[in-house]
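Visitor: I am new to this structure. Please walk me through how to read it.
Guide: Gladly. Take a look, then ask away.

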Protein chains: 2
Amino acid sequence: MPHSNISVSASRAFVEVFELPPTGSGPLDGMRFAIKDLIDVAGWKTGSGNPSWCDSHPPAVVHAVCVEQMLKAGATGVGKTVTDELAFGLLGHNDFLGTPLNPRAPDRLPGGSSSGSASAVACGLADFALGTDTGGSVRVPASNCGIHGFRPSHGFVSVAGVNPLAPGFDTVGILAADADVLARVAVCLLACGPAPQAEPASVRLVLEAFELCDPEVREALGGAVRRLRECFGSRVAEVSLRDVVGDEAGGEMAAWRETYCVLQWAEIKSSLGAWIAAARPAFGAATAASFALTDQLDRGRVAEAVGRRESWFRRLRRALGPADMLCLPSVPALPPLRDDPLPVRSPGSGGASSYYPRTLALTSIAGIGRLPQVSLPMGQVGGVPVGLSLVAGHGQDAFLLEVARRLNS
Amino acid sequence: MPHSNISVSASRAFVEVFELPPTGSGPLDGMRFAIKDLIDVAGWKTGSGNPSWCDSHPPAVVHAVCVEQMLKAGATGVGKTVTDELAFGLLGHNDFLGTPLNPRAPDRLPGGSSSGSASAVACGLADFALGTDTGGSVRVPASNCGIHGFRPSHGFVSVAGVNPLAPGFDTVGILAADADVLARVAVCLLACGPAPQAEPASVRLVLEAFELCDPEVREALGGAVRRLRECFGSRVAEVSLRDVVGDEAGGEMAAWRETYCVLQWAEIKSSLGAWIAAARPAFGAATAASFALTDQLDRGRVAEAVGRRESWFRRLRRALGPADMLCLPSVPALPPLRDDPLPVRSPGSGGASSYYPRTLALTSIAGIGRLPQVSLPMGQVGGVPVGLSLVAGHGQDAFLLEVARRLNS
């Protein structure tokens, strides 16, 4: 449940607060939504979490298509929210704009890059929020802040008016405090009716993904997995990702992360490299280190990574029928403590330094597979939230959201 | 067959000529390819067919992902090709850069916006070319210039490093003089193996699409349709688009065009509107008129158009099994004469003024359905080429290309 006594300023979630009235009436009547500041709102600069970006780009002249859809369905926009710089981060830390409050764990990071959107919802300052998710930027903050997060199938929600990061993975996602709201908003965004039924044929617990996690996270999700078994009985079973995709490398989470990172870094350099070279923007230290990785990438590896991505995409498409699901932890570890050194992106030797590689390994499954994923706030470790994720087949978003609703009821 | 005695300068197809050596060896060894100047080549400005765009943007620092893929597979880049301004045009006319030669019909327009890419291939100056196709920008110039053109399923080829026009429809496509080369390049770009077999279960001639065409175009494609019937017998049958999508509006080609245009114009305004408002670029008269339409769009119509698009997308997905195809003319009319007034985009009362609405009606089927389409040079009217198009299900690109190869052999 969201908190209700936190002020806008205490949340540190917003870069702008306004009231954007609905342009129609529909299923979102009366709802208030926040908008990640990577998404255009007419008349405002889309700051992308970086002052140099903000300074070197003109204001938006129209709302992004996804914002138009929400307003037309009856929702009211309440403000623009903090993002990690240029959406290239999973921590929810921003040297320029501060760290939005994680109300469920105030000493920990909210997760990013849709940090302000997650914080606004968790603080009760919006019924839902629009975020973007390239490599986990909705799913991770949803998990950290104890709310619901949805990444749609890639390519089914318009990204027009949303600043690109890595277009082969970029999506517009949703954060919401409950599964009912999440489904209602998603149905508008996807322009699909609710699924006729939500009886999964199979729910496969991805062994390698659970093994990757800290023991406390696995334990914290034990109750959630029991709930799945109560609901769906013997259709819940463990599976190796190696068997799902039918090759040896598919069983190594590091191979998923590596394939994802080569493609993400190549696309980020294509999307933002020319601007960075010309504008020489000021970056926070962690952001600068992340962009340095995209500079160091050997682009001769791109074609091979495309090959592996498409091979796994096709195998996942074959493996996941219209009512099949994968289940995995949303994150491998609790949200990092605010006062600790920030986790770094390049693989380290374990411990805190393995936060990024492990998190990206988990989130890359849906990314590579273009699959929809929902993170459900079904676990906690000493009050700190941890999400359980369900992943469905490509284009089976309505089914996925209905199953999430059912689990929540 | 491409011409072989036309010089680079006589083709007027290129904005830059260079030699970009391969970075690997593979199925495209020894092949030479041209690159639409909407796609990044490291070290060069991506001019997008408009001098103001070129002046206000820095040079690319890396190749677009699609260019990396071609180089790695063994191909050599030979130059950057003319595009209609910002890729927003189907004519192949550019007030600033001139009109690339249509060698098969020198008194007619080559078609756009991948005009230079089509011209370079048709003039024999490249084995294949990369283009982009949002609303027909590969398919239309392929048809006009008498070569093969391929628009992939939306979302399966990286658009990183490609200037966006309308991201919900933008694709990177291929132009080639023969179906063998087309398939070989496409298999690299899509990172898929060739389809195991290419035996269509059904080939449905879309009645409304043929009815929309000038009688001479229908007649010119008569032989191509007979060839289809020879190859595939009784599996070739006529169908109404109304029955394919199962609603009354689906039988009206104007409804397809209208749905497409509302979304395309909304996304174009989101992608380029802020830059246009801030930079006040110089446009040719026809381009200025096109962008004026995006300004006049009532964005309150966007949500409804998204709803119709997604409804038709889902119905096409159900209707087209893995071996089903639609067949339709690539264009409704011969390429406009170079010396005639340019066709205008907004619907007129018929005749030449209906060129744009009718062309967009035909191309919008694959656009709305996110479907792959190949235009085959199978017809002519007094020597002027007209293409026949095949459309397959979402993600069935390899199958589609194999059928195209078979028809060509």
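Visitor: Which strands of chain B does helix H4 lie across?
Guide: Keep in mind that this model is predicted. Helix H4 of chain B covers residues 115-122. H4 lies across E1, strand E2 (32-36), strand E3 (76-81), E4 and E6 of chain B. The helix runs at about 165 degrees to E4(B).

Visitor: In what order do the strands of that sheet in chain B come?
Guide: Read the sheet from one edge to the other. The order in chain B is E1-E3-E2-E4-E6-E5-E10-E11-E9-E7-E8. That makes an open sheet of 11 strands, with mixed pairing. Strand E1 (14-20) and strand E8 (236-239) of chain B are the edge strands, and each of them pairs on one side only. From one strand to the next, the twist averages 25 degrees.

Visitor: How many bridges join strand E4 to strand E6 in chain B?
Guide: Five bridges join them. E4 is residues 128-132 here, E6 is residues 172-176, and the two run antiparallel. For one pair to find on screen, start at B:Thr132: its bridge partner in E6(B) is B:Val172.

Visitor: What is the order of the strands in the sheet of chain A?
Guide: In chain A, the order reads E1-E3-E2-E4-E6-E5-E10-E11-E9-E7-E8. The 11 strands form an open sheet, and the pairing is mixed. Its edge strands are E1 (14-20) and E8 (236-239) of chain A. Neighbouring strands are turned by 25 degrees against each other on average, direction ignored.

Visitor: In which sense do strands E5 and E6 of chain A pair?
Guide: They pair in the antiparallel sense, over three bridges. Strand E5 takes in residues 148-151 and strand E6 residues 171-176. Find A:His148; opposite it, in E6(A), stands A:Ala176.

Visitor: Which strands does helix H6 of chain A lie across?
Guide: Helix H6 (residues 179-190) lies across strand E4 (128-133), E5 and E6 of chain A. Its direction is at about 150 degrees to E6(A).

Visitor: At what angle do the axes of helices H11 and H14 of chain A cross?
Guide: The general idea comes first. Two packed helices are described by the angle between their axes and the distance between the axes. In chain A, helix H11 (residues 253-279) and helix H14 (residues 355-369) have axes that cross at roughly 70 degrees and come within 8 Å. H11(A) and H14(A) are therefore roughly perpendicular to each other. Among the residues making the contact are A:Trp256 and A:Tyr260 of H11(A), and A:Leu360 and A:Ile365 of H14(A). The contact residues divide into 10 nonpolar, three polar and one charged.

Visitor: By what turn can chain B be laid on chain A?
Guide: Two copies of a chain are related by a rotation about an axis and a shift along it. Here the turn is 180 degrees and the shift along the axis is 0.0 Å, giving an RMSD of 0.0 Å. That is the relation of a two-fold axis. The same surface serves both copies: 100% of the contact residues of chain B recur in chain A.

Visitor: Which residue of chain B comes closest to the rotation axis?
Guide: B:Gly155 does, with its C-alpha at 3.0 Å.

Visitor: How many residues does each chain give to the contact?
Guide: Chain B gives 42 residues and chain A gives 42 residues. On the side of chain B, the elements giving two or more residues are helix H3 (65-72), helix H11 (253-279) and helix H13 (302-319). H11(B) gives the most, with 10 residues. The residues on this side divide into 23 nonpolar, 12 polar and seven charged.

How values were computed. Residues numbered from 1 in each chain as written. Chains lettered and ligands numbered in written order. Predicted model: local features only at pLDDT ≥ 70, side-chain atom pairs only at ≥ 80, totals over all residues. Pairing = 2+ DSSP bridges. Helix = DSSP H or I, 4+ residues; strand = E, 2+ residues; numbered from the N terminus. Axes fitted to C-alpha atoms, helices over the stretch in contact; angles between N-to-C directions. Contact = placed C-beta atoms within 7 Å. Least-squares fit on C-alpha atoms with pLDDT ≥ 70 in both. Nonpolar A, V, L, I, M, F, W, Y, C, P; charged D, E, K, R; others polar. Parallel < 35°, antiparallel > 145°, perpendicular 65-115°, else oblique.
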